Amino acid sequence: MLMDKRTEESLNRLLQELFDGNAIVDNLVYNLIYNGYNELGEAIHKPVAHKMPEWADSISDLIDQMGGRSKRYGLEDHKDDIKEVKDVFKELNNYFLRLREIVNKIIEDVDMVGDAEVRIFLEDFLNKMVMPYVRQSEEWKKASERLSADTLDRKSTRLNSSHTVISYA
């Protein structure tokens, strides 16, 4: 094996977190759509929720390349009923902040056991993949906090012309 067993375990926990993240984001999207914010839900569904399995594949590939064994654990239930748009984006931001913390912790752990190749991969993963979504989710959270239910049109979920357009990661 080209990596420490503890590194393999940490990467498998990250793998689990990414699959869980897919379920979390899917549930947030379902809440938006259920509450009438169809276009907003669809706008974040594929660009955000569908990234998690892609990222998980890259972590699984790394585990395989380093001689480890990828493991898929059961998913937690993510079925919260969230009605407010601002609460959806708050939860989305919380997820990406947690993901950033998890990756940073794994980088620290990998440093302690000397798995330099994994550290380089994870720093790249953090900076190129996770951090843009952390920043984007923070922007969405701020924008959604400024908006009231009156400024969102539930049918189209377009922001009124007096507001800036929410950009996507």
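Student: At what angle do α1 and helix α3 pack, and how far apart are their axes?
Tutor: This is a predicted model. Helix α3 covers residues 51-65. The α1 and α3 axes lie 8 Å apart, and the packing angle is about 165°.

Student: Are α1 and α3 roughly parallel or roughly antiparallel?
Tutor: Their angle is about 165°. Angles over 145 degrees count as roughly antiparallel. So α1 and α3 are roughly antiparallel.

Student: Is the crossing of α1 and α3 left-handed or right-handed?
Tutor: Residues of α1 that meet α3 include L11, L14, L15 and L18. On the α3 side, W55, A56, I59 and I63 are among them. The crossing of these two helices is left-handed.

Student: Which span should helix α1 have at 1.5 Å a residue, and how far apart are its end C-alpha atoms?
Tutor: Helix α1 runs over residues 5-34, which is 30 residues. At 1.5 Å a residue, the expected span is 44 Å. The separation of the end C-alpha atoms agrees with that, at 43 Å.

Student: Which residue caps the N-terminal end of α1?
Tutor: Look for a side-chain oxygen by the backbone nitrogen of R6. One lies 2.8 Å from that nitrogen. The capping residue is D4.

Student: How many residues of α1 are buried?
Tutor: Buried means under 20% relative accessible area. Helix α1 is mostly covered. Of its 30 residues, the buried ones number 23.

Student: Which residues make the contact between α2 and α3?
Tutor: Helix α2, residues 38-49, packs on α3 at about 0°, with the axes 5 Å apart. The two helices are therefore roughly parallel. The contact is made by K46, P47, V48 and A49 of α2 with K51, M52 and P53 of α3.

Student: Where is D64, and which residue's side chain does its own side chain join in a polar contact?
Tutor: D64 sits in helix α3. At 45% relative accessibility, D64 is partly exposed. Its C-alpha is 9.7 Å from that of E8, although 56 residues separate the two in sequence. The polar contact spans 3.5 Å, and the partner is S70.

Student: Is L126 buried or exposed?
Tutor: L126 lies in helix α5, residues 116-146. Beyond four places in sequence, L126 touches R100, V103, N104, I107 and M131. The C-alpha atoms of L126 and V103 are 6.8 Å apart, with their positions 23 residues apart along the chain. The relative accessible area of L126 is 8%, so L126 is buried.

Terms used: Residues are numbered from 1 along each chain as its sequence is written. This is a predicted model: local features need pLDDT of at least 70, side-chain atom pairs count only at pLDDT 80 or more; totals for chains, interfaces and linings use all residues. Side-chain values use heavy atoms; hydrogens and water are left out. Helices (H or I, at least four residues) and strands (E, at least two) are DSSP runs, numbered from the N terminus. The expected span of a helix is 1.5 Å times one less than its number of residues. Buried means under 20% relative accessible area, exposed over 50%, partly exposed in between (1.4 Å probe, protein chains only). A polar contact is a pair of N or O atoms within 3.5 Å; within protein, one must be able to donate a hydrogen and the other to accept it, and residues adjacent in sequence count only if both atoms are side-chain atoms. Axes are lines fitted to C-alpha atoms, for helices over the stretch in contact, and angles run from 0 to 180 degrees between N-to-C directions. Angles under 35 degrees count as roughly parallel, over 145 as roughly antiparallel, 65 to 115 as roughly perpendicular and the rest as oblique. A crossing is left-handed if the near helix is turned anticlockwise from the far one by less than a right angle, and right-handed if clockwise. Contact means heavy atoms within 4.5 Å.
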